[in-house]
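Good morning, and thank you for coming. I would like to take you through one structure, moving from its sheets to its cores and then to a few individual residues.

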Amino acid sequence: MRTSVIASLTAGFLTLVQAGPIITRADIETCLTDAGVPFDAKNSTDWKRDVAPFNTRLPYTPVAIAVPRNVEQIRQAVLCGKKLGIKVSPKSGGHSYASFGFGGENGHLIVQLDRMHEVTYDADTNVATVQAGTRLGHLAAVLYKDYGRAVSHGTCPGVGISGHFAHGGFGFSSHTHGLAQDFVVGATVVLADGSVVEASETQNPDLFWAIRGAGSNFGIVATWRLRTFEAPKTLTWFSVNLKWNRTTAVAGLEALERYARDVMPRELNFRVSDYSRGQIGIEGLYYGNDTQMREAIAPLLAEAAPQGNITQAQTVNWIEAVTKYGNVADVNQTEPSPQENFYAKSLTLNSLSGATARAFVDYHFNETTKLPFTRAVWFQLDMHGGRNSAISKVSNSSTAYPHRDKLYIIQFYDRQYLGAFPKDGTKFLDGWVDAVTKTIPSTDGNKDAKDWGMYINYADAHLSREAAQKLYYGGNLAKLQKLKAKYDPEDLFYYPQGIKPVA
């Protein structure tokens, strides 16, 4: 029976109602205290910090927040949840779009990991050992400053590494070097039964497979071990004004697709985006100098945007590039990101041409202009796969991440700046995605099988559990469900879009 939570505001305490005896907050805190696990006192400064969601549209109230400083304390927190029948949710950076670090609902025991952010490096193996609460910016800063090393990862410095690495980890180095998860060589994992195991190619290889793409479902990673590369000294960031309009954008997208699929060099990373309701452009990063960047992008501009032009470009080193796309003065972050009020969706696509491109373009140009300017609506169309992409060099079945055959990842984002998010506000992005996907042909004669998915790191809180599993995990779902039954049969690490255990 799912645990339900009843908060008694007049009595000033919280109880958990189950099929068995009533569990009070005092029981939870007593268990954590007896086990030597630090936790946030209710309404303390730490509690208020840790209970604040990144997405203010989706606030949830946990029954308790454990704040471990080591693996043993993570283990003991898990055992308290198991003993008392409370769902347990690990929270690294707390950046989940759907507040899954809180369990995506009220009443979970949160394991707040961000006090654990140590980064060390072994020069003999070029492997970094990174605690689970480290944020991407802190990882980048420490590796670069102390060791001159780097790892492929996303751009937002406040994002926690655990959710990012556990579900793929796409960023502006992925076309060149691969996903963040491709740098994982091992992990220390606390399982639902309280055991602590190692996961690697040689130790629990099935678990190692699962935590690279669907890691939030199988345990709490306490430590990641990451191979690194020498931080590049010469990169060039750039911006392009494509000067597309509703009439020219479809042809532009089709030319973009030909380039991304067959021509785009591995050294180039970029996205097509629009943050200004009709001002479509490119933002990108090239592994090389300015001259090389211009040579690489020239064939695309000649075909897709003959009126377009490069508006900005600068050659920088690795940490300067990370800082540029982190949109902060200092990427070395160990505190939560500023809150936002938003709804987001995603698509992973093999193609955006013909009727699909037309639907995308028409919705963008016709509908975004109707929204009030208290809403910041944008999209990012990232070049993900293609002939030369490092991501595509690995098969879909090699890890739990199932989108390696997809050419694009699209993120759709709708942020409310003033006041509450509209009650019907989610309809706008839902309509955009529906307009695009209904044009995609079915595969293998099955009307329900279409060649597109969604990326869980841009989680869509509106999806049902059944839909989310299929869209996030695709052809790897059946294997993941069996592994869930092996490693977490009672679904201790449940959240509303988590993988169901199937024996």
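Helices and strands here are DSSP runs, of at least four residues for a helix and at least two for a strand, and they are numbered from the N terminus. With that convention, Ser-99 is found in the loop between strand S5 (88-91) and strand S6 (109-112). Please keep in mind throughout that this is a predicted model.

Let me stay with Ser-99 for a moment. Most residues other than glycine have a negative phi. Ser-99 is not a glycine, yet its phi is positive, at about 60°. Its relative accessibility is 3%, and Ser-99 therefore counts as buried, the cut-off being under 20%. Asp-491 also has a positive phi, near 60°, in a residue other than glycine. Asp-491 lies in the segment after helix H14 (477-487), and it counts as buried because its relative accessibility is 10%.

I turn now to the sheets. One open sheet has eight strands in the order S17-S14-S16-S15-S19-S20-S18-S23, with antiparallel pairing. At its edges are strand S17 (309-316) and strand S23 (452-453), each of which pairs on one side only. Helix H9 packs on this sheet, where it touches strand S14 (235-241), S15, strand S16 (281-286) and S17. The direction of H9 makes about 150° with that of S17.

Within this sheet, strand S18 deserves attention. How many of the eight residues of S18 are buried? Eight of the eight are, so S18 is largely enclosed by the rest of the structure. In a regular strand the side chains alternate between the two faces of the sheet. In S18, Phe-342, Ala-344, Ser-346 and Thr-348 point one way, while Tyr-343, Lys-345, Leu-347 and Leu-349 point the other way, and all are buried.

Strand S18 (residues 342-349) has antiparallel partners in S20 and S23. Eight bridges join S18 to S20, and Phe-342 stands opposite Arg-415 in S20. Two bridges join S18 to S23. There, Thr-348 stands opposite Gly-453, and Leu-349 stands opposite Trp-452.

A further open sheet is formed by five strands in the order S7-S8-S12-S10-S11, and its pairing is antiparallel. Strand S7 (119-122) and strand S11 (196-199) are the edge strands, each pairing on one side only. From one strand to the next, the twist averages 15°. Four bridges join S7 to strand S8 (residues 127-131), and these two strands run antiparallel. The bridge partner of Tyr-121 in S8 is Ala-128. Helix H4 (residues 136-147) lies across S7, S8 and strand S12 (220-227), and runs at about 45° to S7.

Next, the nonpolar cores. In soluble globular proteins, nonpolar side chains tend to be buried together. The largest nonpolar core here has 115 residues, and those touching the most other members are Phe-165, Trp-224, Phe-270, Val-272, Phe-360, Leu-381 and Trp-432. Which helix gives the most to this core? That is H8, with seven residues.

Helix H8 (residues 249-262) has 14 residues and reaches 20 Å from its first C-alpha to its last, close to the 20 Å expected at 1.5 Å a residue. Its buried residues are Ala-249, Val-250, Gly-252, Leu-253, Ala-255, Leu-256, Glu-257, Tyr-259 and Ala-260. Among the elements covering them are strand S15 (268-274), helix H9 (290-304), helix H11 (354-367), strand S19 (375-383) and strand S20 (408-416).

One of the well-connected core members, Phe-360, shows who its neighbours are. Leaving aside residues within four places in sequence, Phe-360 is in contact with Leu-253, Leu-352, Phe-379, Ile-410, Phe-412, Trp-432 and Val-436. Apart from the largest core lies another, of 26 residues, among them Cys-31, Val-37, Leu-113 and Phe-493.

I shall close with His-167, placed in the loop between helix H5 (161-166) and helix H6 (174-177). Is His-167 buried or exposed? Because its relative accessibility is 7%, His-167 counts as buried. Beyond its neighbours within four places in sequence, His-167 has contacts that include Gln-181, Gly-213, Ser-216, Tyr-401, Tyr-455 and Tyr-473. Asn-457 is also in contact with His-167, and the two side chains make a polar contact at 3.5 Å. Leu-253 of H8, by comparison, is 86 residues from His-167 in sequence and 28 Å away in space, C-alpha to C-alpha.

Terms used: Residues are numbered from 1 along each chain as its sequence is written. This is a predicted model: local features need pLDDT of at least 70, side-chain atom pairs count only at pLDDT 80 or more; totals for chains, interfaces and linings use all residues. Side-chain values use heavy atoms; hydrogens and water are left out. Buried means under 20% relative accessible area, exposed over 50%, partly exposed in between (1.4 Å probe, protein chains only). Contact means heavy atoms within 4.5 Å. A polar contact is a pair of N or O atoms within 3.5 Å; within protein, one must be able to donate a hydrogen and the other to accept it, and residues adjacent in sequence count only if both atoms are side-chain atoms. The expected span of a helix is 1.5 Å times one less than its number of residues. Two strands pair if DSSP finds at least two bridges between them. Axes are lines fitted to C-alpha atoms, for helices over the stretch in contact, and angles run from 0 to 180 degrees between N-to-C directions. A nonpolar core is a set of buried Ala, Val, Leu, Ile, Met, Phe, Trp, Tyr and Cys residues joined through side-chain atoms within 4.5 Å.
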